[in-house]
Amino acid sequence: MQLKRVVVTGMGALTPIGNNLEAYWEGLRTGKSGSAPITYFDTEKFKTKFACELKGYDPNDFFDRKEARKLDRFAQYALVSSDEAIADSGIDLNVVDKFRVGVVWGAGIGGLETFQNEVIGYAEGDGTPRFNPFFIPKMIADIAPGNISIKHGFMGPNYTTVSACASSANAMIDALNYIRLGHCDVIVTGGSEAAVTIAGMGGFNAMHALSTRNESPETASRPFDATRDGFVLGEGGGALILEEYEHAKARGAKIYAEVLGGGLSSDAYHMTAPHPEGTGVVKVMENCLMNAGLKPEDVDAINTHGTSTPLGDVAELKAISKVFGDHAKEININSTKSMTGHLLGAAGAIEAIASILAMEHSLVPPTINHSVVDEQIDPSLNLTLNQAQEREVKVAMSNTFGFGGHNACVLFKKIG
């Protein structure tokens with residue numbers, strides 16, 4: 001069976017450094033930090049008092065009050081980013097065969113704020129189980145693609161992938177394969193997350209995963225720097241329209257990039273820590289290259305998982321050196337989490353978008369906040385430190401890894 005070609009024809013972004021695709025790119029290009037003191041709740045007693053919240057986001061700009069009350073923030077972010085991507089794609093919703101349009105979405109946690117608030121409300125009551133009738137449908141992770149399909153009438157495959165921080169990368173790979181195999185013409189894919197909450201911050205603090213650099217939140221996310229001390233929690237959503245190539249050509253669609261392949265693997269090592277030698281990460285990149293039919297020397301840029309954790313950053317770079325050999329020195333390696341923070345289940349989507357935009361603009365966004373060299377990291381690697389670098393990017397790789405040892409990798413190619 002001849003596999004279909006799959007391309008990206010639309011994108012949408014709602015991020016801590018920009019509330020739409022254009023603003024997101026401007027934030028990436030200029031090395032903007034999205035980290036700042038938390039405004040959503042009182043952090044006086046929290047170890048970490050900052051995060052990468054959305055700036056200037058008002059649900060009333062997108063939903064009426066009644067509708068907004070039925071949607072957890074993670075589902076709102078899904079609808080806002082996917083609406084932008086659908087509009088960007090130029091798809092005529094009155095003409096497209098909606099039975100062949102699916103929604104495959106990623107979320108690592110889902111409606112955490114809804115769950116948190118309902119449980120707190122019950123605990124503070126007299127024991128009578130007074131719960132909001134929208135509690136469950138607001139909370140469940142699969143409600144995001146459900147709401148997207150309901151709004152637009154898309155009746156193809158519809159579900160959520162959950163693999164912690166790899167969730168939206170898994171979603172993109174599933175979407176790629178459905179279209180490759182001829183089951184769909186178009187799939188709305190991506191991910192969203194809204195874990196900057198009392199429970200989210202408290203939980204990640206308890207496991208010592210977050211940076212506690214409260215005196216300088218804007219520089220706290222510092223991948224590859226010797227003084228990194230944990231990741232910075234982010235929120236938002238990213239959406240991509242994946243489309244069968246001939247279907248896109250027939251309607252004269254703008255094509256951002258071709259999705260060449262995806263790879264998956266498991267560390268099978270630890271609940272939260274990566275294998276110190278990056279064994280699973282080596283395998284996921286090898287699997288992705290094989291799936292895409294590419295050689296290591298074909299890759300120009302890698303947007304790393306690069307969370308700014310002491311163990312993870314070193315393990316990933318070791319794996320890159322092993323997979324790419326001498327060519328690793330020729331690759332622009334970066335971590336956009338230095339700017340956006342870590343969007344958990346939405347990370348794969350917004351970082352895939354960053355990779356595609358780097359190809360479109362021939363500019364690799366920087367890894368900001370780097371000041372102290374880590375002697376464990378090969379100094380010959382180009383980590384695109386502190387300033388964007390101009391270069392033609394024909395093939396870009398995006399890595400995303402999740403707690404539980406879930407590894408996902410996606411490859412994109414410039415067309416034309």
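**Note on the predicted model: surface, core and charge pairs**

1. Leu3 has a relative accessibility of 41%, so it counts as partly exposed. This model is predicted. Leu3 sits in the segment before strand 1 (6–14). Together with Met1 and Leu181, Leu3 makes a nonpolar surface patch of about 330 Å². Membership needs over 30% relative accessible area, and Leu3 passes at 41%.

2. Domain layout. The protein chain divides into domain 1 (8–251) and domain 2 (262–405). Their C-alpha centres are 21 Å apart. Domain 1 puts 64 residues into the contact, and domain 2 puts in 58 residues.

3. Largest nonpolar core. This core has 46 residues. Which of them touch the most other members? They are Val8, Met11, Tyr24, Leu240, Leu242, Ile356 and Phe412. Several elements give two or more residues to this core. On the helix side they are helix 1 (21–30), helix 7 (167–180) and helix 13 (347–361). The strands are strand 1, strand 7, strand 8, strand 11 (363–364) and strand 14 (406–413). Helix 13 supplies the largest share, eight residues. Each of the two domains, domain 1 (8–251) and domain 2 (262–405), gives at least three residues to this core.

4. Phe412 is worth a look in the viewer. What does Phe412 contact, leaving aside its neighbours within four places in sequence? Its partners include Val8, Met172, Ala257, Glu258 and Val259. Ala352, Ile356 and Met359 are also among them. Lys394, Val395 and Ala396 complete the set. A second core, separate from the one above, has 30 residues. Leu79, Val103, Ala144 and Ala194 are among its members.

5. Helix 6 (residues 143–152). Why is this helix described as largely enclosed by the rest of the structure? Eight of its 10 residues are buried. Those are Ile143, Ala144, Pro145, Gly146, Asn147, Ile148, Ser149 and His152. The buried residues pack against two helices, helix 3 (73–89) and helix 5 (135–139). They also pack against strand 4 (101–106) and strand 5 (158–161). Ala144 ties this helix to the second core, being buried here and listed there. Gly153 follows helix 6 and has a positive phi, near 80 degrees.

6. Backbone outliers. Most residues other than glycine have a negative phi. His208 departs from that, with a positive phi of about 60 degrees. His208 lies in the loop between helix 8 (198–206) and strand 7 (236–244). Is His208 buried or exposed? It is exposed, with a relative accessible area of 64%. Ala268 also has a positive phi, near 50 degrees. Its loop runs between strand 8 (257–266) and helix 10 (279–292). Ala268 counts as exposed because its relative accessibility is 73%, where the cut-off is over 50%.

7. Salt bridges, overall and in one loop. The structure holds 17 salt bridges. Side chains of opposite charge can pair when their charged atoms come close. Asp229 and Arg213 pair with an N to O distance of 3.9 Å. Both residues lie in the loop between helix 8 and strand 7, 16 residues apart. The cut-off for a salt bridge is within 4 Å, so the pair qualifies at 3.9 Å. Asp229 is partly exposed at 27% relative accessible area. Arg213 counts as buried at 16%.

8. Arg228 has two acidic partners. One is Asp313, with the closest N and O atoms 3.5 Å apart. Asp313 is in helix 11 (residues 310–324), and Arg228 is in the loop between helix 8 and strand 7; the two are 85 residues apart. Both Asp313 and Arg228 are buried. The other partner is Asp374, at 2.9 Å from N to O. Asp374 lies in the loop between strand 11 and strand 12 (389–390), 146 residues from Arg228. Asp374 is buried, as is Arg228.

9. A charge network. Which residues are linked in a network of salt bridges? They are Arg73, Glu113 and Glu235.

Terms used: Residues are numbered from 1 along each chain as its sequence is written. This is a predicted model: local features need pLDDT of at least 70, side-chain atom pairs count only at pLDDT 80 or more; totals for chains, interfaces and linings use all residues. Side-chain values use heavy atoms; hydrogens and water are left out. Patches are made of residues with over 30% relative accessible area and no salt bridge: like charges are joined within 9 Å, nonpolar side chains (Val, Leu, Ile, Met, Phe, Trp, Tyr) within 5 Å. Accessible areas come from the Shrake-Rupley method with a 1.4 Å probe; for residues, only the protein chains shown count as cover. A salt bridge is a side-chain nitrogen of Lys or Arg within 4 Å of a carboxyl oxygen of Asp or Glu. Helices (H or I, at least four residues) and strands (E, at least two) are DSSP runs, numbered from the N terminus. Buried means under 20% relative accessible area, exposed over 50%, partly exposed in between (1.4 Å probe, protein chains only). A nonpolar core is a set of buried Ala, Val, Leu, Ile, Met, Phe, Trp, Tyr and Cys residues joined through side-chain atoms within 4.5 Å. Domain bounds come from an automatic or database domain assignment. Contact means heavy atoms within 4.5 Å.
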